[in-house]
Amino acid sequence: MLPFLLLYKQAYQGLSRQTWYLSLVILINRSGTMVVPFMTMYATQRLGFSITEAGIIMALFGAGAIVGAFIGGRLTDAIGFHKVQLFALFGGGLMFIVVGYLTTFPLLAAGTFVLSVINESFRPANSTAIAYYSNTANRTRSYSLNRLAINLGWAFGGALGGFLAATSYHLLFWVDGLTNISAGILLFFVLPAPVRQQPATGKEVVKPAAISAYKDKPYLVFIFLTILFAFCFFQMFTILPVYLKQELGLTEKLIGTLMAINGLIIAFIEMVLVYRIEKSPSPLRFIKYGVWLVGISYGLYNLLEGQFLLALLSVLVITVGEMLSMPFMNTYWISRSSDHNRGQYAALYTMAWGTAQVAAPSVGGFVADQYSFAALWWLVLFVSLVAGTGFHFLTKRK
């Protein structure tokens, strides 16, 4: 067998059947991810809202994600990750369809918030499920497999979403909703609720149940740095599409193609990359490199000139940054949790991303609207440099 193919085989070996099932559920779910990346364009191009108003709607999606993550984490520890995942998939699917019929600013804003609360309660439950069905030897790769499924679905959904948006934005809500519901049906049949409360493997090191994620000071620093990083990263799905449309003149189809490229690269490379890196000394040190690269990807828009090729270069840089940072951020938070409080840790981590979903479109939209896109890209570059430096000291301390 060729060395490259052997490396691929080794990267995927040793993962549990349940982990593969969870990734299949995510793949179906994320294949319909169309509403969020095109929401700012839908609000500005179809409904005639300002960039600031579109930013507020996306900020409310982030606020809902914070509330949903907190509730989802609490419910996961109380009633189990299986029930929470089913509720989020079925409830979120129905809400996507409903939100597609809300066209005034107050109704769309309120509907988006409710949708996010229900839909985002899935994340801490799903993260806990991945930890449950994996062990310390393959946990980072188990999360990477989950991300592979997310990004394959994202690639398909982003590309299809671009074509659907060019035809009718309304179709995006139906497809997103129906894929959520389909994923819930699959989860119900292929992965029944576990009977044990402890993980299936006996290789876990159980930590004291009394430790609370909300009192873990190093972890709270990690959460703050994650918010800074996610603020930068989320510009890709909130303000950047508007910039690509208005300033660089790209069509919805080309924007969807860029999103698909991001997802496909991650799907085909990240597992092998993680497999090689996780064997190196202190793999957490790669987080800072990834965070810095994400910031640089936005700075390129101020430093270089171009249209599609410039956007493609930026996407390639942010993709490498994403692959170096996010898998090992999952490794960090899971390493500090135990089976008794994993829902809390997962909730806080999800809430960090939800907080960034509030800040990214609201602050980003304000800066772009009141000053310029160039000012926003300089701000994002600066924040990423600060966050990456913070991760350097945090992971070095650990």
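**Close-up 1. Three cavities of 30 Å³ or more are found inside this structure.** The model shown here is predicted, so please read each view with that in mind. The largest cavity has a volume of about 940 Å³. Among the 41 residues lining it, Arg30, Glu120, Arg123, Ile150 and Phe234 are the closest to its centre, and they are good ones to pick out as you find your way around. What classes of residue make up this lining? The lining of the largest cavity is a mixture, with 21 nonpolar, 14 polar and six charged residues.

**Close-up 2. The second largest cavity has a volume of about 70 Å³.** Which residues line the second largest cavity? They are Met236, Leu240, Pro241, Leu244, Ile255, Leu258, Met259, Tyr301, Ala311 and Val315. Three helices each supply at least two residues of this lining: helix 11 (240-246), helix 12 (252-277) and helix 14 (308-335). Sorted by class, the lining of the second largest cavity has ten nonpolar residues, with no polar and no charged ones.

**Close-up 3. A nonpolar patch of about 510 Å² lies on the surface.** Now let us move from the cavities to the outside. Seen here are Val67, Phe70, Ile71, Leu75, Ile79, Phe113 and Val114, which together make the patch. Helix 4 (51-79) and helix 6 (105-120) each supply at least two of the patch residues. Which helix gives the most to the nonpolar patch? That is helix 4, with five residues.

**Close-up 4. Isoleucine 71 is a residue of helix 4.** Here we pick out one member of the nonpolar patch, Ile71. Is isoleucine 71 buried, partly exposed or exposed? Its relative accessible area is 37%. Partly exposed residues fall between the buried limit of under 20% and the exposed limit of over 50%, so isoleucine 71 counts as partly exposed.

**Close-up 5. Threonine 136 sits in a loop between two helices.** The loop runs between helix 7 (122-132) and helix 8 (139-167). Why does threonine 136 count as exposed? Its relative accessibility is 56%, and exposed means over 50%, so threonine 136 belongs in that class.

**Close-up 6. Threonine 136 and glycine 390 are shown together, with 26 Å between their C-alpha atoms.** Try finding both residues in the sequence as well as in the structure. Along the chain, threonine 136 and glycine 390 are 254 residues apart.

Conventions:
Residues are numbered from 1 along each chain as its sequence is written. This is a predicted model: local features need pLDDT of at least 70, side-chain atom pairs count only at pLDDT 80 or more; totals for chains, interfaces and linings use all residues. Side-chain values use heavy atoms; hydrogens and water are left out. Patches are made of residues with over 30% relative accessible area and no salt bridge: like charges are joined within 9 Å, nonpolar side chains (Val, Leu, Ile, Met, Phe, Trp, Tyr) within 5 Å. Accessible areas come from the Shrake-Rupley method with a 1.4 Å probe; for residues, only the protein chains shown count as cover. A salt bridge is a side-chain nitrogen of Lys or Arg within 4 Å of a carboxyl oxygen of Asp or Glu. Helices (H or I, at least four residues) and strands (E, at least two) are DSSP runs, numbered from the N terminus. Buried means under 20% relative accessible area, exposed over 50%, partly exposed in between (1.4 Å probe, protein chains only). On a 1 Å grid over the protein atoms alone, a cavity is a set of points where a 1.4 Å probe fits but cannot get out, and a pocket is an open set with protein on both sides within 12 Å along at least five of seven lines; lining residues have an atom within 4 Å of a point. Grid points are joined across faces, edges and corners, and a volume is the space filled by probe spheres set on the points. Ala, Val, Leu, Ile, Met, Phe, Trp, Tyr, Cys and Pro count as nonpolar, Asp, Glu, Lys and Arg as charged, and the others, Gly among them, as polar.
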